[in-house]
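Reader: Hey, got a minute to go through this model with me? Put it up and we'll start with the ligands.
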Amino acid sequence: MTIKVHDRLLLTGAAGGLGKALRGRLKANCTTLRLSDWTDFGTATDGEEIVLCDLADPVAVHAMVEGVDAIVHLGGVSVEGPFGPILQANILGVYNLYEAARKHGVKRVVFASSNHVTGFYRQSETINADVPARPDSLYGLSKAFGEDLSRFYFDRYGIETVCVRIGSSFPEPRDRRMLATWLSYDDLHRLITACLTSPVVGHSIIFGMSDNAVTWWDNSRAQHIGFKPQDSSDIFRDAVYARTDAPDLSDPAVQFQGGGFVKAGPFAD
Ligand code: NAI
Ligand code: 15L
């Protein structure tokens, strides 16, 4: 597989679950993979660079971004919690990242958004990326901010972004909800590759899910990205049903697409 398009590619959130899953896979997409997180995660191997950086620190973010051609931005708070850390990493952090991208001439970003931008749509609805955001959490709200900020940086400065509203990307679906939202690691890599290689992406939003039989998301408006999932949660269905209870249909976590996020918190800062 020969898919290099970028010379130096930056991956933020490299110490996290998806960062670890993508570290080996993204080497095919570039000559040099610059890996970043704010926690120590070891040493660089061949074709890698490591830059430790707190996304809330603009000076550190500018140093992290200097010299890269494109960015896969996974770093930040990835679940619902107190507003303080979300504000620092996901709101201030994404502003710092795009300011650095503008200053250093980066032309394309893949932004790890989340299905929690639209988590207050019901599991009985199929939505596309044109429906209004209905965040289910402070976390989802911060991702909606990232999507809007990236649209501004496209409209004003021409920096292209694909916002990937990732469903649930784990080795396997963990519960019945994830049968609809699951995105395999290989499909995640296929999706990011499509975002990095599609000739023109402008500012686009795409839901990140595998080819699951049950889905709440319609990606027909994002065909220009060229993502074709090859995995499916369907092979896990029987096992997930066998180990989980029948859903309580009065539970908001079962009614809404965001699952448990719709009732998480409030948290003390
Ligand atoms: P994770 O929590 O395992 O990884 C996030 C990484 O960001 C961590 O390594 C953490 O140290 C780093 N980070 C946090 N605050 C930081 C800061 N201030 N400065 C620098 N780095 C910081 O999350 P995961 O699962 O790997 O997700 C990656 C991205 O994808 C996140 O942005 C998450 O919101 C998004 N996403 C993930 C989904 C999934 O199913 N795994 C679903 C939807 C979105
Ligand atoms: C997310 O946005 C989270 O980052 C991830 O940990 C999962 O909870 C996922 O959504 C999900 O909705 O399953």
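Author: Sure, one term to begin with: a polar contact is a pair of N or O atoms within 3.5 Å; within protein, one must be able to donate a hydrogen and the other to accept it, and residues adjacent in sequence count only if both atoms are side-chain atoms. One such pair is a backbone N or O atom of Leu55 with a nitrogen atom of ligand 1, 3.0 Å apart.

Reader: Before I trust that, where does the model come from?
Author: This is a predicted model, where local features need pLDDT of at least 70, side-chain atom pairs count only at pLDDT 80 or more, and totals for chains, interfaces and linings use all residues. Residues are numbered from 1 along each chain as its sequence is written, chains are lettered from A and ligands numbered from 1 in the order in which they are written, and side-chain values use heavy atoms, with hydrogens and water left out.

Reader: OK. Which side chains have an N or O atom by an oxygen atom of ligand 1?
Author: Asp37 has a side-chain N or O atom 2.6 Å from a ligand 1 oxygen, and for a polar side-chain atom of Tyr139 the distance to an oxygen of ligand 1 is 2.5 Å.

Reader: And how much of ligand 1 does the protein cover?
Author: 86% of the 820 Å² of accessible area that ligand 1 has on its own (Shrake-Rupley method, 1.4 Å probe).

Reader: How many residues surround ligand 1?
Author: 25, with Asp37, Leu74, Ser78, Tyr139 and Ser169 the closest (near means a heavy atom within 4 Å). S5 gives the most to that shell, three residues; strands are DSSP runs (E, at least two residues) and helices are too (H or I, at least four), numbered from the N terminus.

Reader: Now ligand 2. What touches its oxygens?
Author: A backbone N or O atom of Ser78 is 2.5 Å from a ligand 2 oxygen. From the side chains, a polar atom of Ser114 comes at 2.8 Å from an oxygen of ligand 2, and an N or O atom of His116 at 2.7 Å. The protein covers 82% of the 320 Å² that ligand 2 has accessible on its own.

Reader: Switching topic: how many aromatic pairs are there?
Author: Nine in the whole structure, counting Phe, Tyr and Trp (six-membered) rings with centres within 6.5 Å; planes under 30 degrees apart are stacked, over 60 edge-to-face, the rest tilted. Trp182 and Phe236 are edge-to-face, because their ring centres are 5.2 Å apart and their planes at 80 degrees.

Reader: Any odd backbone? Which peptide bond is cis?
Author: The one joining Gly265 and Pro266, with omega about 5 degrees. Pro266 is in the segment after helix H8 (252–255).
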